[in-house]
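Here is a short walk through one protein model. Look at the structure first, then read on.

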Amino acid sequence: MSSIPYDLKRIKAFIFDVDGVLSKNVIGMSETGEPLRTVNIKDGYALQLAIKKGYIVAIITGAYTDAVRMRFERLGIQHIYMKSAIKTIDYEDFMQKMHLKDEEVVYVGDDIPDYEVMQRAGLPIAPADAAPEIKSVAKYISPIKGGEGVAREIIEQVMKIHGNWFMDDAFGW
(Lines give C-alpha, C1' and ligand atoms only; values in the text may rest on other atoms or scores of the structure.)
Protein backbone atom coordinates (compact mmCIF):
# COMPACT_ATOMS: atom_id res chain seq x y z
CA MET A 1 0.00 0.00 0.00
CA SER A 2 1.23 3.47 -0.85
CA SER A 3 1.49 6.48 1.43
CA ILE A 4 1.09 8.79 -1.57
CA PRO A 5 -2.49 10.14 -1.87
CA TYR A 6 -2.85 9.70 -5.64
CA ASP A 7 -3.96 6.98 -8.04
CA LEU A 8 -0.44 5.74 -8.79
CA LYS A 9 -1.71 3.35 -11.47
CA ARG A 10 -2.01 6.44 -13.70
CA ILE A 11 1.73 7.20 -13.54
CA LYS A 12 3.76 6.58 -16.69
CA ALA A 13 6.62 9.04 -16.21
CA PHE A 14 8.89 10.56 -13.59
CA ILE A 15 10.58 13.95 -13.88
CA PHE A 16 13.25 14.99 -11.39
CA ASP A 17 15.11 18.16 -10.60
CA VAL A 18 18.75 17.49 -9.66
CA ASP A 19 20.07 19.84 -6.97
CA GLY A 20 18.09 19.34 -3.77
CA VAL A 21 16.26 16.29 -5.16
CA LEU A 22 18.70 13.79 -6.68
CA SER A 23 21.63 15.44 -4.91
CA LYS A 24 21.75 17.17 -1.55
CA ASN A 25 20.98 20.86 -1.42
CA VAL A 26 24.46 21.64 -0.13
CA ILE A 27 27.31 20.93 -2.54
CA GLY A 28 31.05 21.28 -2.37
CA MET A 29 33.07 23.22 -4.90
CA SER A 30 36.25 22.08 -6.63
CA GLU A 31 39.31 24.32 -6.81
CA THR A 32 38.16 25.39 -10.28
CA GLY A 33 34.67 26.31 -9.06
CA GLU A 34 32.98 23.17 -10.39
CA PRO A 35 30.09 22.01 -8.15
CA LEU A 36 30.72 18.58 -6.62
CA ARG A 37 27.39 16.84 -6.13
CA THR A 38 26.62 13.73 -4.17
CA VAL A 39 24.29 11.07 -5.54
CA ASN A 40 22.35 8.33 -3.83
CA ILE A 41 23.09 4.81 -5.05
CA LYS A 42 19.60 3.55 -4.22
CA ASP A 43 18.09 6.41 -6.24
CA GLY A 44 20.30 5.31 -9.14
CA TYR A 45 19.18 1.71 -8.87
CA ALA A 46 15.50 2.72 -8.84
CA LEU A 47 15.92 5.09 -11.79
CA GLN A 48 17.52 2.48 -14.03
CA LEU A 49 15.00 -0.17 -12.97
CA ALA A 50 12.07 2.13 -13.74
CA ILE A 51 13.45 2.64 -17.25
CA LYS A 52 13.89 -1.11 -17.74
CA LYS A 53 10.27 -1.59 -16.71
CA GLY A 54 9.05 0.87 -19.33
CA TYR A 55 8.56 4.07 -17.36
CA ILE A 56 9.73 7.30 -18.94
CA VAL A 57 12.23 9.22 -16.83
CA ALA A 58 13.40 12.78 -17.38
CA ILE A 59 15.68 15.29 -15.72
CA ILE A 60 14.91 19.02 -15.79
CA THR A 61 17.62 21.02 -14.06
CA GLY A 62 19.21 24.44 -14.10
CA ALA A 63 22.55 22.70 -13.63
CA TYR A 64 25.01 22.16 -16.42
CA THR A 65 28.03 19.96 -15.89
CA ASP A 66 29.34 16.95 -17.74
CA ALA A 67 29.21 14.97 -14.50
CA VAL A 68 25.45 15.48 -14.15
CA ARG A 69 24.78 14.51 -17.76
CA MET A 70 27.05 11.45 -17.59
CA ARG A 71 25.53 10.22 -14.31
CA PHE A 72 22.00 10.15 -15.68
CA GLU A 73 22.87 8.97 -19.18
CA ARG A 74 24.67 5.99 -17.64
CA LEU A 75 21.47 5.10 -15.81
CA GLY A 76 19.64 5.06 -19.14
CA ILE A 77 17.87 8.40 -18.91
CA GLN A 78 17.43 9.80 -22.40
CA HIS A 79 15.47 12.95 -21.62
CA ILE A 80 17.89 15.32 -19.91
CA TYR A 81 17.16 19.05 -19.95
CA MET A 82 20.04 21.09 -18.56
CA LYS A 83 20.47 24.86 -18.13
CA SER A 84 16.71 24.99 -17.77
CA ALA A 85 16.00 28.63 -17.00
CA ILE A 86 12.21 28.31 -17.34
CA LYS A 87 11.32 24.74 -16.50
CA THR A 88 7.78 24.91 -17.89
CA ILE A 89 9.24 25.25 -21.40
CA ASP A 90 11.22 22.00 -21.04
CA TYR A 91 8.31 20.30 -19.29
CA GLU A 92 6.02 21.16 -22.20
CA ASP A 93 8.61 19.93 -24.73
CA PHE A 94 8.96 16.62 -22.88
CA MET A 95 5.20 16.16 -22.51
CA GLN A 96 4.59 16.76 -26.23
CA LYS A 97 7.44 14.47 -27.36
CA MET A 98 6.27 11.65 -25.10
CA HIS A 99 2.54 12.21 -25.72
CA LEU A 100 1.82 12.37 -21.99
CA LYS A 101 -0.98 13.96 -20.00
CA ASP A 102 -0.22 15.92 -16.82
CA GLU A 103 -2.02 13.34 -14.65
CA GLU A 104 0.41 10.63 -15.87
CA VAL A 105 3.47 12.43 -14.53
CA VAL A 106 5.28 12.68 -11.21
CA TYR A 107 7.42 15.81 -10.87
CA VAL A 108 9.80 16.07 -7.93
CA GLY A 109 11.17 19.50 -7.13
CA ASP A 110 12.48 21.36 -4.13
CA ASP A 111 12.78 25.08 -4.83
CA ILE A 112 11.23 28.12 -6.50
CA PRO A 113 12.29 27.26 -10.11
CA ASP A 114 10.15 24.08 -9.80
CA TYR A 115 7.01 25.90 -8.64
CA GLU A 116 5.26 26.45 -11.98
CA VAL A 117 5.96 22.93 -13.24
CA MET A 118 4.67 21.48 -10.00
CA GLN A 119 1.40 23.32 -10.54
CA ARG A 120 1.04 21.51 -13.88
CA ALA A 121 2.15 17.95 -13.07
CA GLY A 122 -0.47 15.46 -11.95
CA LEU A 123 1.57 14.38 -8.96
CA PRO A 124 3.91 17.10 -7.67
CA ILE A 125 6.18 15.82 -4.90
CA ALA A 126 8.60 17.60 -2.59
CA PRO A 127 11.46 16.19 -0.52
CA ALA A 128 11.27 16.73 3.25
CA ASP A 129 13.68 19.67 3.08
CA ALA A 130 12.02 21.51 0.17
CA ALA A 131 11.25 25.22 0.30
CA PRO A 132 7.91 26.09 1.98
CA GLU A 133 6.50 27.42 -1.31
CA ILE A 134 7.15 24.07 -2.97
CA LYS A 135 5.65 22.11 -0.10
CA SER A 136 2.52 24.26 -0.45
CA VAL A 137 1.88 22.96 -4.01
CA ALA A 138 3.04 19.37 -3.44
CA LYS A 139 0.41 16.64 -3.25
CA TYR A 140 2.92 14.54 -1.32
CA ILE A 141 5.85 15.56 0.86
CA SER A 142 8.32 12.73 1.22
CA PRO A 143 9.72 12.09 4.70
CA ILE A 144 13.12 11.80 2.96
CA LYS A 145 15.42 14.72 2.24
CA GLY A 146 16.75 15.46 -1.22
CA GLY A 147 19.81 13.42 -2.15
CA GLU A 148 19.07 10.83 0.51
CA GLY A 149 16.79 8.46 -1.42
CA VAL A 150 13.66 10.46 -2.23
CA ALA A 151 13.61 9.20 -5.84
CA ARG A 152 13.88 5.59 -4.65
CA GLU A 153 10.99 6.04 -2.24
CA ILE A 154 8.70 7.46 -4.92
CA ILE A 155 9.65 5.08 -7.74
CA GLU A 156 9.34 2.08 -5.43
CA GLN A 157 5.82 3.06 -4.34
CA VAL A 158 4.67 3.54 -7.94
CA MET A 159 6.24 0.30 -9.14
CA LYS A 160 4.76 -1.67 -6.23
CA ILE A 161 1.27 -0.43 -7.12
CA HIS A 162 1.88 -1.62 -10.71
CA GLY A 163 3.18 -4.96 -9.41
CA ASN A 164 6.61 -4.68 -11.02
CA TRP A 165 8.98 -3.71 -8.21
CA PHE A 166 10.55 -6.90 -6.83
CA MET A 167 10.55 -9.19 -9.85
CA ASP A 168 13.15 -11.73 -11.03
CA ASP A 169 14.73 -9.20 -13.38
CA ALA A 170 15.34 -6.76 -10.51
CA PHE A 171 18.50 -8.57 -9.47
CA GLY A 172 21.05 -6.73 -11.52
CA TRP A 173 22.03 -3.50 -13.13
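Is F16 buried or exposed? F16 has a relative accessibility of 0%, so it counts as buried. Keep in mind that this is a predicted model.

F14 gives the same kind of answer: at 0% relative accessibility, F14 counts as buried. The cut-off for buried is under 20% relative accessible area.

Now step back to the core. The largest nonpolar core holds 35 residues. F14, F16, L47, F72 and I155 have the most contacts inside it. Several elements each supply at least two residues of this core, including strand β1 (13-16), helix α1 (41-52) and strand β4 (56-60). Helix α2 (66-74), strands β6 (105-108) and β7 (123-126), and helix α6 (150-161) do so too. The largest share comes from α6, with six residues. Another core lies apart from this one. It has 20 residues, among them V117, M118, A121 and I134.

Return to F14 and look at what surrounds it. Leaving out residues up to four places away in sequence, F14 touches A50, Y55, I56, V57, A58, V106, I154, I155 and V158.

Next come the rings. A pair of aromatic rings is described by the distance of the centres and the angle of the planes. A search of the whole structure finds two aromatic pairs. In one, the ring centres of F14 and F16 are 6.3 Å apart and the planes meet at 15 degrees, so the pair is stacked. F14 also pairs with Y55. Here the centres are 5.6 Å apart, the planes are at 55 degrees, and the pair is tilted. F14 sits in strand β1 and Y55 in the loop between α1 and β4, so this pair ties together parts that are 41 residues apart in sequence. Y55 has 8% relative accessibility and therefore counts as buried. Together, ring pairs link F14, F16 and Y55 into a cluster.

Another ring has a charge for company. The charged end of K83 sits over the ring of Y64, 4.5 Å from the ring centre.

Finally, find V21. Where does V21 lie? V21 is in the loop between β1 and β2 (28-29). At 0% relative accessibility, V21 counts as buried. Setting aside neighbours within four places in sequence, V21 is in contact with F16, D43, V108, G109, D110, P127, G146, G147 and V150. L49 is 28 residues from V21 in sequence, and the two are 18 Å apart in space, C-alpha to C-alpha.

Note on methods: Residues are numbered from 1 along each chain as its sequence is written. This is a predicted model: local features need pLDDT of at least 70, side-chain atom pairs count only at pLDDT 80 or more; totals for chains, interfaces and linings use all residues. Side-chain values use heavy atoms; hydrogens and water are left out. A nonpolar core is a set of buried Ala, Val, Leu, Ile, Met, Phe, Trp, Tyr and Cys residues joined through side-chain atoms within 4.5 Å. Buried means under 20% relative accessible area, exposed over 50%, partly exposed in between (1.4 Å probe, protein chains only). Helices (H or I, at least four residues) and strands (E, at least two) are DSSP runs, numbered from the N terminus. Contact means heavy atoms within 4.5 Å. Rings of Phe, Tyr and Trp (its six-membered ring) pair if their centres lie within 6.5 Å; planes under 30 degrees apart count as stacked, over 60 as edge-to-face and the rest as tilted. A charge sits over a ring if NZ of Lys or CZ of Arg is within 6 Å of the ring centre and within 35 degrees of the ring normal.
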